[in-house]
Amino acid sequence: MSDVLLLALLVAAIAIGWLLGRWESGRFRAPPQPPRGSLPRDYFVGLNYLLNEQPDRAIETFTQALEVNSDTVETHIALGNLYRSRGEADRAVRIHQNLLARPALTPSQSGQVQLELSRDFLNLGLLDRAERLLLSLQKSHVEDAQKLAAKRLLVDLFEREKEWAQALETAQPQLVRQDADIRRAAAHWHCELAHRHRCDNSSSLARKALRQALQTDERCIRANWMLGQIEWDIGHYRDATRFWQRVPEQDPGFTAIVLEPLRDAYRLLDDDNGWWQFLEKQLQHNPQTTLVMMAADTLRHRQGTEVACAFVSEQLREHPSLRGVDYLMDLYLDDSDPEERDRLELLKQHTRQLLSIRPRHRCQRCGFGAEQLHWQCPRCRSWGTCKPVTGLEGE
Ligand SMILES: [Zn+2]
């Protein structure tokens with residue numbers, strides 16, 4: 001719905017609210033009653049602004065004219081929210097704070113206004129004010145649903161502040177149990193804590209945090225990825241391969257991220273057979289481009305370029321991919337004469353150009369594309385939703 005239409009509806013709601021308010025006050029309070037059918041001057045001024053397509057001034061006028069009573073609280077809250085959604089959170093704060101100062105609010109209305117005011121503060125980046133308000137809301141006598149909403153906002157706030165331990169403390173156990181997104185995020189907060197421990201050279205604390213990540217969400221790829229890194233740091237390459245091999249079991253879509261480190265670990269272990277066995281097993285279930293390229297590299301060293309070329313061609317017939325074609329041209333370049341080489345180099349320029357404009361990773365939630373893998377999407381802030389791109393243009 002367009003903003004203007006929404007504003008017009010809200011203004012209509014205000015007018016109805018005002019009329020109802022007058023009618024109610026007329027019913028329960030003593031006169032003086034306004035002359036029948038009359039409206040205050042502000043109403044006409046506001047209407048005039050609206051007709052002249054000046055919705056901001058119209059709302060300002062209506063808001064000032066509108067008395068806050070039990071019939072109009074919801075409309076005031078909605079007006080504030082509308083300002084916030086239009087990027088004018090400072091105006092939303094004024095409306096919601098004005099409401100909160102009214103003694104007429106019921107506990108439920110007061111809870112609702114405090115929640116909206118917290119959202120305004122979060123929107124403005126006034127995190128300390130939002131935190132104080134949400135913490136007091138948690139301790140006050142408001143509805144359970146409002147306390148839960150306050151808890152969600154607090155979790156969001158601690159996450160923005162990178163206060164991972166506080167985010168975990170607030171989200172556990174209720175939100176982690178109830179909400180799959182928060183459960184997945186909580187596992188990543190454990191991983192963030194593990195990263196800090198790893199930077200402080202506290203590998204045992206880092207391992208503990210990563211085990212907690214897996215207890216929270218057994219599908220947390222990052223936990224096994226980091227457990228492998230910790231073993232790598234101390235030269236335990238065999239243990240590192242065990243953790244990294246779990247990644248394709250958790251989610252085959254992430255296989256590409258462990259291939260290079262696994263190849264390097266097997267090299268340091270001088271275990272070519274172990275590496276080949278891993279590749280063969282993965283190729284059966286999950287023949288992604290990087291996997292095919294790694295297997296072709298191994299074949300080239302063992303049996304020569306021709307065998308590697310035949311293997312890649314066969315894989316491309318089954319699973320076409322631009323990166324696969326680009327790699328196949330690299331193999332052909334190895335054995336080509338000067339004239340062929342020029343033609344292949346020209347073709348490669350095209351594939352390189354096509355590949356350079358395609359992101360390697362994409363968020364499954366919002367479609368954000370990036371060359372690097374982000375554990376938290378920079379656009380929609382979801383955790384674990386960015387994955388390597390698969391199909392013709394990816395893996
Ligand atoms: Zn996203």
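## Close-up views of a predicted 395-residue chain

Of the 395 residues in the chain, 46% are buried, that is, under 20% relative accessible area, with exposed meaning over 50% and partly exposed in between (1.4 Å probe, protein chains only). The model is predicted: local features need pLDDT of at least 70 and side-chain atom pairs count only at pLDDT 80 or more, whereas totals for chains, interfaces and linings use all residues. Residues are numbered from 1 along each chain as its sequence is written, and side-chain values use heavy atoms, leaving out hydrogens and water.

**Figure 1. Overview of the chain.** The chain has 20 helices and 3 strands; these are DSSP runs numbered from the N terminus, with helices (H or I) of at least four residues and strands (E) of at least two. Contact means heavy atoms within 4.5 Å. Among contacts between residues at least 6 apart in sequence, 50% join residues at least 24 apart. About 21500 Å² of the chain is exposed, and carbon and sulfur atoms supply 49% of this area, computed by the Shrake-Rupley method with a 1.4 Å probe.

**Figure 2. Helix H8, residues 144-160.** H8 has 17 residues and spans 25 Å from its first C-alpha to its last, close to the 24 Å expected at 1.5 Å a residue; the expected span is 1.5 Å times one less than the number of residues. Its buried residues include Ala 149, Ala 150, Leu 153, Leu 154, Leu 157 and Phe 158, and also Lys 151, Asp 156 and Glu 159. The buried residues of H8 pack against H6 (107-124), H7 (127-139), H9, H10 and H11. Just after H8, Lys 162 has a positive phi of about 60°.

**Figure 3. The loop between H9 and H10, with a cis peptide bond at Pro 173.** Gln 172 lies between helix H9 (164-171) and helix H10 (174-178), and Pro 173 is in this loop as well. The peptide bond from Gln 172 to Pro 173 is cis, with omega near -10°. Most peptide bonds are trans. Gln 172 is partly exposed, at 36% relative accessibility. Its C-alpha is separated by 9.6 Å from that of Ile 182, 10 residues apart along the chain.

**Figure 4. Packing of helix H11 against helix H12.** The axes of H11 (residues 180-199) and H12 lie 8 Å apart at an angle of about 175°, which makes the two helices roughly antiparallel. Axes are lines fitted to C-alpha atoms over the stretch in contact, and angles run from 0 to 180 degrees between N-to-C directions; over 145 degrees counts as roughly antiparallel. Residues of H11 in the contact include Arg 183, Ala 187, Cys 191 and Ala 194, and those of H12 include Leu 205, Ala 209 and Ala 213. By class, the contact has 9 nonpolar, 4 polar and 2 charged residues; Ala, Val, Leu, Ile, Met, Phe, Trp, Tyr, Cys and Pro count as nonpolar, Asp, Glu, Lys and Arg as charged, and the others, Gly among them, as polar.

**Figure 5. Thr 216 in helix H12.** Thr 216 belongs to H12, which covers residues 203-216, and is buried, with a relative accessible area of 16%. Leaving aside residues up to four places away in sequence, Thr 216 touches Val 176, Arg 183, Ala 186, Ala 187 and His 190.

**Figure 6. Positive phi at Asn 201 and Asp 270.** Asn 201, in the loop between H11 and H12, has phi near 60° and is exposed at 71% relative accessible area. Asp 270 has phi near 55° and is exposed at 68%; Asp 270 lies in the loop between H15 (255-268) and H16 (272-285).

How values were computed:
Parallel < 35°, antiparallel > 145°, perpendicular 65-115°, else oblique.
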